[in-house]
Amino acid sequence: MPSPSPPAADRSPVSRDDVAAAAARLDGVVRRTPVLEVEAASLADVPVVCKLDLLQPTGSFKVRGAANLLLSADVPTAGVVAASGGNFGLAVAWAARRTGVAAHVFVPDSSPREKIDGLAALGAEVHVVAGTYQQALDASEAWRAEHGGLQAHAYDQPEVVAGQGTCAVELEAQVDGLDTVLVAVGGGGLVGCVATWFAGRVRVVAVETEGCPALHAALAAGEPVAVEPAGLCVSSLGASRVGDLGFVAATAAGVESVLVTDEDVRAAQRRLWDACRLVAEPGGATALAALTAGAYRPAPGERVAVIVCGANTDPSTVTGAR
Ligand SMILES: Cc1ncc(COP(=O)(O)O)c(C=O)c1O
């Protein structure tokens, strides 16, 4: 049951051709992650296909965009400079190491310790900045103005967004007759490009928590607006404003938007653990939460997929929470 929205390709700054080119570029660089069909009773009233992008190197889909950027660009001697609540930084550090360039990653001080440690372990220079993602981004831009370097934006840069969209290319090849894909949203890079790839063919549902509603607020306002990210998912979904690329693409493709609570996300994390013995971080289980909490209710027979997009959390917060 695809949504009847018009194809976005002609109106989106990142086209389907860009995504297809990224998929070719990333072949053999990032993992082609598996899909897992989870039986009806365990997750929702319908069978759910989980696209396990939490199995990527560094534990999130973000390596797709980071690697596509570094393989598309000339990187100056100063290296690549990124601001990230964690997962994009890890991805940039991983891609930089793989391509032999330096990485400077600016993180808000709210980032989990394991993400900061992971950045250092990948060889990145880590700059911890007091405040939110926005403050980390401002600091990264100030550093780059002084020292040079290639900017890597976590969600509002065409090469990054096109790379994230390769998840949709794989999903389409892996699942026949897909009707609907649910996608978690932070700055909107992933959902925007998934929507561009599937526009007019597969319904795309954007899922955010009530504390991190950047796309939901933008769709209500008709333009990107500032929000104050809060709650469980702030380190992964906590963009202060949805990116222009994601907003334009999501609007053009007629993306639906739903909200879930932090408790819904915790429940989805536990459901994934109980059903599959997989640990997803809160942002990685947010899309699934829309199904398990009923924020999105599939019609009978609707073929639904969820992108399980991140794993970076302390496992005991999931396996120990009963
Ligand atoms: C695990 C996880 N899921 C979803 C997102 C949201 O991605 P985007 O900013 O492209 O909307 C992020 C962003 O960092 C993330 O780390």
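1. In this predicted model, the ligand occupies the largest cavity. Two elements each give two or more residues to the shell around the ligand, namely helix 9 (189-198) and helix 11 (234-237).

2. The surroundings of the ligand comprise 16 residues, of which Asn 87, Gly 186, Gly 187, Gly 188 and Leu 190 come nearest. By residue class, the shell consists of six nonpolar, eight polar and two charged residues.

3. Polar contacts to oxygen atoms of the ligand involve both side chains and backbone. A polar side-chain atom of Asn 87 is placed 2.7 Å from a ligand oxygen atom. For Gly 189, a polar backbone atom lies 3.1 Å from an oxygen atom of the ligand. In the side chain of Lys 62, an N or O atom is 3.5 Å from a ligand oxygen atom. On its own the ligand has 390 Å² of accessible area, and the protein covers 96% of that area.

4. Two backbone conformations deserve attention. Most residues other than glycine have a negative phi. Thr 58, which is not a glycine, nevertheless has a positive phi of about 75 degrees. Thr 58 belongs to the loop that runs between strand 2 (48-52) and helix 3 (62-72).

5. Arg 277 likewise is not a glycine and has a positive phi, of about 60 degrees. The residue is located in the loop between helix 13 (262-276) and helix 14 (282-292). Is Arg 277 buried or exposed? With a relative accessible area of 52%, Arg 277 counts as exposed, because the cut-off for that class is over 50%.

Methods: Residues are numbered from 1 along each chain as its sequence is written. This is a predicted model: local features need pLDDT of at least 70, side-chain atom pairs count only at pLDDT 80 or more; totals for chains, interfaces and linings use all residues. Side-chain values use heavy atoms; hydrogens and water are left out. A residue is near a molecule or strand if one of its heavy atoms lies within 4 Å of it. A polar contact is a pair of N or O atoms within 3.5 Å; within protein, one must be able to donate a hydrogen and the other to accept it, and residues adjacent in sequence count only if both atoms are side-chain atoms. Accessible areas come from the Shrake-Rupley method with a 1.4 Å probe; for residues, only the protein chains shown count as cover. On a 1 Å grid over the protein atoms alone, a cavity is a set of points where a 1.4 Å probe fits but cannot get out, and a pocket is an open set with protein on both sides within 12 Å along at least five of seven lines; lining residues have an atom within 4 Å of a point. A molecule sits in a cavity or pocket if more than half of its atoms lie within 2 Å of its grid points. Helices (H or I, at least four residues) and strands (E, at least two) are DSSP runs, numbered from the N terminus. Ala, Val, Leu, Ile, Met, Phe, Trp, Tyr, Cys and Pro count as nonpolar, Asp, Glu, Lys and Arg as charged, and the others, Gly among them, as polar. Buried means under 20% relative accessible area, exposed over 50%, partly exposed in between (1.4 Å probe, protein chains only).
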